Amino acid sequence: MQQGTLMRKVKSKSWKKQRFFKLQEDCMTIWYQSKRTGKTESAFSISDVETVREGHQSEVLQSLAEEFPPERCFTIVFYGRRSNLDLIAGSAEEAQCWVQGLRQLIEPRSFPLTSALVSRTWIRDWFQKADKNKDGRMNFKEVQRLLKMMNVDMNEDHALRLFQAADKSESGTLEGEEFVLFYKALTQREEVLSLFQDFSEDGKKLTLLELVDFLRQEQLEDEDTEELAMELIDKYEPSETARARHVLSADGFLMYLCSPEGSIFNPRHQVLWQDMTQPLCHYFISSSHNTYLMEDQLRGHSSIEGYIRALKRGCRCLEVDCWDGPNGEPMVYHGHTFTSKIPFREVVTTLGKVVSMCSAEPGGQQGRAPLLHPLLSIAESWWCWSPAGVLGDSRSHGGDGHPSTTLQELKHKILLKGKKIGRLEDMLDGPGDEAPDVSDDDNGAEAEEERRKVKGTQRGSALQKDKESLAQELSDCVIYCKNVSFQGFQEARDHSRPSEISSLSEAKARKLIKEAGNEFVRHNAWQLTRIYPSGMRTDSSNYSPQEMWNVGCQIVALNFQTAGTEMDLCDGLFSQNGRCGYVLKPPFMRDEETLFNPSDPSSREGPGPITLTIQVISGQQLPKVDNSKEGAIIDPLVRVEIHGVPADQARQETKYIENNGEPHWGTRDLRGLLLALPHPPSACCSSPGFNPRWDETLQFQLHVPELALVRFVVEDYDKTSRNDFVGQFTLAFANIKPGYRHIHLLSKDGTSIPPSSLFVHICITE
């Protein structure tokens, strides 16, 4: 990769240009140039790359499938809205070199800023390894490379300030002793050192017994604590001598606190840990609305990329709106609007490939479980072509439709939710002599609501004709999730079946929640309910999914392409259980005779309210606000939000820290302070706004903790306008680990922004 490779960059079937790609020496940047002109066209940072996909996993590469084999093709996917980069290598070997190399470079680090070193000798050893010309000096770029070798993540601006402060000779380089001071300033944390010394008798190390005391008293680790302490020392203590003595240094202690074991998210819940043998209606299911849309609902771009991203994000209920296309080929788009169209064949082919690849992934990889069984939600299906060989035989893909069919029995199967000709039982018992009328579909109400908002829509007989043209082949594929119109809870109880599903608009669902909350919960204990956004949300905005989850609605469809609080809640709920897309509902929501009503927390059987106490201690390397001026310093505050039943909805926030509450240190001031290491005041090792200290306590009462989600938000305070978003992290209350924990922040679109984090103390009492 550092030698460079000639590959084709492709944008369409006709646009295929050769470009020379090369990984820079810093192993953090890739640039490419035109073969014809030799002019450098562009460059991108490894940190901007979200993932790498092999084969024909993009619309462009699929269109070139007959021309180029999948072994030579791959796609680089970037964070945010930046377009993907589709590449074709000269050989399968070259493609694998880049695919595997990029994956190694973007592999998420277990912990940020934590390769702290025990002794100055150890630091100097690293320095000497990186000092290629052996002149005993390193400039800033060389230091950056060395820190990457040491697995130390950093903010470049912050590191540059500390570099300049440590450069006492003002030569633009650091000598060995200067690098030691620089490194200590970059990694040391006063609040962690103080906590370490509270449990260390000599202030230099934690013995095995001292570490056990900390784990039991503060982290509330009460199972096999001594064994856990040994594992942590072996895993995070960087000194071989200390490991041999079974002690943990201050640097190893920091490494532990920043690791997955020191995260607020319970690592045991990151894997598949829930009972997966319950009926489908007993689970919350990660669900998307109009999955194919990348933008708004009226003129937005339709793309198979929407399906790929949704599946990779853990979504298990996808929406495929099928309409008649040219030559009888069905097309997928938002009907009666101006959104672009994609062939249905491309959609199902892509889904088949992505599902197969996800299913083949090992369950433990990055805390993700194998793909189980996405639900394909066919909302508007007026077509007469059956994708034989893609969906296969209906019986093999849905079990027997019996209410006792469990999630485990449906594993690796694709269910079609949609309209059906006749009754479900007719197909299960064998085809009848006649084909009865098409069953009702509440999605028709959704489509009708949206049609009223769009001028120039077709009406009258054309719509009636559409409703009558459901293909028998498609109907036969619907054997579990048959759409039925919702006529009331009593009607559903008397006539509906667990194998059926009703779709409700968000407005209708809210009305039912207000008027008959308990009946809604009981209904969802035995039958599936899908909620979809209002047709007025033409901008692809989202409603709050929490109020729908509060009554047990399983399929709460959101616009995955729109970032915001609603998608944070969705990601927060489904980040557990191996990210398989299914979360088991609490026991009182699986009981068909339950008395629970979200508007009356006392109706929940179980212990009384729980008190959640959060001490917000500090922040680490908080990023600048997007589009902020050069040199701008944020004034950060932390807001903690509780999303749950109405009685639990709450938010509290800390005070904001103006420029971190410290003067804006100049280079000479920092240099003087650095000489006081290794126990400097916090200001010396933090640029204002990067490492703020709050030391504030927030407290909440949770009446129904089983349904609560906790959202941590960092904002840049602004006196004259709305605060700017800095970062957030959301998780279910059930997944919180008590004690001293780090919260690794995510960006607005849910992607990681290392090394930014919060340091908190969590206490949970009844």
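Two strands count as paired if DSSP finds at least two bridges between them. With that in mind, the tour below goes through a predicted model, beginning with a small sheet.

**Stop 1: the sheet S12-S13-S14**

Select strands S12, S13 and S14. These three strands make an open sheet, in the order S12-S13-S14, with antiparallel pairing. Strand S12 (322–323) and strand S14 (342–343) are the edge strands; each has a single partner strand, so one side of each has no neighbour in the sheet. Now select strand S13 (residues 331–332) together with S14: two bridges join them, and the two strands run antiparallel. To find one of the bridged residues, pick valine 332, whose bridge partner in S14 is isoleucine 342.

**Stop 2: strand S10 and its neighbours**

Move to strand S10, residues 283–288. Are its residues buried or exposed? Six of the six are buried, and the strand is mostly covered. Color the two faces separately: Tyr283, Ile285 and Ser287 lie on one side, Phe284, Ser286 and Ser288 on the other, and both faces are covered.

Next, add strand S21 (residues 582–584), which is joined to S10 by three bridges and runs antiparallel to it. Phenylalanine 284 has valine 583 as its bridge partner in S21. Then add strand S20 (residues 555–558): four bridges join S20 to S10, and here the two strands run parallel. For serine 287, the bridge partner in S20 is alanine 557.

**Stop 3: helices H7 and H11**

Select helix H7 (residues 190–199) and helix H11 (residues 250–257), which pack with their axes 10 Å apart at an angle of about 110°. Angles of 65 to 115 degrees count as roughly perpendicular, and H7 and H11 are therefore roughly perpendicular to each other. Their crossing is right-handed.

Show side chains at the contact. Which residues of H7 and H11 meet? From H7 come Val192, Leu193, Leu195 and Phe196; from H11 come Ala250, Phe253, Leu254 and Leu257. Sorted by class, the contact of H7 with H11 has eight nonpolar residues, no polar residues and no charged residues.

**Stop 4: H11 alone**

Keep H11 selected and hide H7 for clarity. H11 is mostly covered, with seven of its eight residues buried. The buried residues are Asp251, Gly252, Phe253, Leu254, Met255, Tyr256 and Leu257. Among them, Phe253, Leu254 and Leu257 also take part in the contact with H7.

How values were computed
Residues are numbered from 1 along each chain as its sequence is written. This is a predicted model: local features need pLDDT of at least 70, side-chain atom pairs count only at pLDDT 80 or more; totals for chains, interfaces and linings use all residues. Side-chain values use heavy atoms; hydrogens and water are left out. Buried means under 20% relative accessible area, exposed over 50%, partly exposed in between (1.4 Å probe, protein chains only). Axes are lines fitted to C-alpha atoms, for helices over the stretch in contact, and angles run from 0 to 180 degrees between N-to-C directions. Angles under 35 degrees count as roughly parallel, over 145 as roughly antiparallel, 65 to 115 as roughly perpendicular and the rest as oblique. A crossing is left-handed if the near helix is turned anticlockwise from the far one by less than a right angle, and right-handed if clockwise. Contact means heavy atoms within 4.5 Å. Ala, Val, Leu, Ile, Met, Phe, Trp, Tyr, Cys and Pro count as nonpolar, Asp, Glu, Lys and Arg as charged, and the others, Gly among them, as polar.
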